[in-house]
Amino acid sequence: MVMSGEKPGSGAAADEDAPRGPNAPMSLRERKKQLTYQAVSDAAIAMFLERGFDKVSVAEVAAAADISKPTLFRYFPSKEDLVLHRFADHEDEPARTVAARADGESPLDALRRNFLDGLERRDPVTGLCDVPEVLAFHRLLYGTPSLVARLYAYQGRSEAALARALGDRVPDRLAAGQIIAVLRILALDNWRRISAGQSADQVYGDAVEAAELGFAQLRSGLGR
């Protein structure tokens with residue numbers, strides 16, 4: 001899955017300590033941290049793909065990334081997070097889509113538009129991606145029970161963020177749970193077909209039809 005320039009000032013300290021607004025560039029410290037996250041995660045996933053998740057120790061990952069084991073755990077609280085780090089950018093994507101929707105556009109319309117756009121772009125998060133590296137990553141993910149279990153925690157946080165974006169009342173939390181479930185099922189169905197040997201282009205038409213059905217059912221059931 002997916003991952004600015006420095007602020008004016010007198011070096012790294014000024015860059016790190018300057019006040020930052022919501023749209024301010026990432027600080028030097030944050031950029032270094034992000035690069036470390038990515039490098040360690042990439043090293044870990046390469047090892048997991050080669051030998052299997054359960055056959056690679058955290059100590060081996062730390063050694064390959066040239067950091068200590070305690071330092072690795074400061075970045076990744078668990079071994080599973082080394083893989084699921086790639087989902088971090090997508091964790092609040094439904095919530096961001098709802099928050100950034102155009103005036104007059106309903107939350108469901110915005111989420112439908114975003115998912116259909118992802119299908120067209122063959123975004124891996126939609127499951128409709130037949131790039132070999134992505135397929136290998138998904139096989140690692142869905143073929144490892146501990147990773148699947150941890151993935152549900154990520155999806156739980158995505159659901160909570162979406163509920164807050166909708167208003168965080170009981171009806172909003174119920175709606176968020178159903179929406180995240182539909183997105184998960186659509187993506188998993190797409191991945192299963194591609195994993196079985198079909199190309200993304202072959203699956204695309206059915207994927208769009210399934211997405212339209214899913215959002216239609218949400219609309220009729222939720223009235224949103």
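This section describes the pockets, nonpolar cores and two helices of a predicted model.

The largest pocket encloses about 630 Å³ of space. Its lining comprises 30 residues. Val125, Gln155, Leu183, Arg184 and Ala187 lie nearest the centre of this pocket. Five helices each supply at least two lining residues: H6 (93–99), H7 (107–121), H8 (132–142), H9 (145–166) and H10. By class, the lining of the largest pocket divides into 17 nonpolar, 8 polar and 5 charged residues.

The second largest pocket holds about 170 Å³ of space. It is lined by Gln34, Tyr37, His85, Ala88, Asp89, Asp92 and Arg96. Of these residues, 2 are nonpolar, 2 are polar and 3 are charged.

Nonpolar side chains tend to be buried together in soluble globular proteins. In the present model, the largest nonpolar core contains 27 residues. Phe115, Leu119, Leu128, Leu162, Ile179 and Phe215 have the most contacts inside this core. H7, H9, H10 and helix H11 (200–222) each contribute at least two residues to the core. H10 provides the largest share, with 10 residues. A second core is separate and has 23 residues, including Ile45, Met47, Leu84 and Leu151.

Leu119 illustrates the packing around one residue of the largest core. Residues up to four places away in sequence aside, Leu119 touches Thr126, Leu128, Asn190, Tyr204, Ala207, Val208 and Ala211. Of these partners, Leu128 is also listed among the core residues with the most contacts.

H7 supplies residues to both the lining of the largest pocket and the largest core. Its buried residues are Pro107, Leu108, Ala110, Leu111, Phe115, Leu116, Gly118 and Leu119. Phe115 and Leu119 thus recur here as buried residues of H7. The length of H7 was checked against its residue count. At 1.5 Å a residue, its 15 residues should span 21 Å. The end C-alpha atoms are 21 Å apart, so the two values agree. Arg122 follows H7 and has a positive phi, near 60 degrees.

H10 also supplies residues to the lining of the largest pocket and to the largest core. This helix covers residues 170–195, 26 residues in total. At 1.5 Å a residue, H10 should span 38 Å. Its end C-alpha atoms lie 37 Å apart, which agrees with that expectation. Gly197 follows H10, and the phi of Gly197 is positive, near 125 degrees.

Definitions and conventions: Residues are numbered from 1 along each chain as its sequence is written. This is a predicted model: local features need pLDDT of at least 70, side-chain atom pairs count only at pLDDT 80 or more; totals for chains, interfaces and linings use all residues. Side-chain values use heavy atoms; hydrogens and water are left out. Helices (H or I, at least four residues) and strands (E, at least two) are DSSP runs, numbered from the N terminus. The expected span of a helix is 1.5 Å times one less than its number of residues. On a 1 Å grid over the protein atoms alone, a cavity is a set of points where a 1.4 Å probe fits but cannot get out, and a pocket is an open set with protein on both sides within 12 Å along at least five of seven lines; lining residues have an atom within 4 Å of a point. Grid points are joined across faces, edges and corners, and a volume is the space filled by probe spheres set on the points. Ala, Val, Leu, Ile, Met, Phe, Trp, Tyr, Cys and Pro count as nonpolar, Asp, Glu, Lys and Arg as charged, and the others, Gly among them, as polar. A nonpolar core is a set of buried Ala, Val, Leu, Ile, Met, Phe, Trp, Tyr and Cys residues joined through side-chain atoms within 4.5 Å. Buried means under 20% relative accessible area, exposed over 50%, partly exposed in between (1.4 Å probe, protein chains only). Contact means heavy atoms within 4.5 Å.
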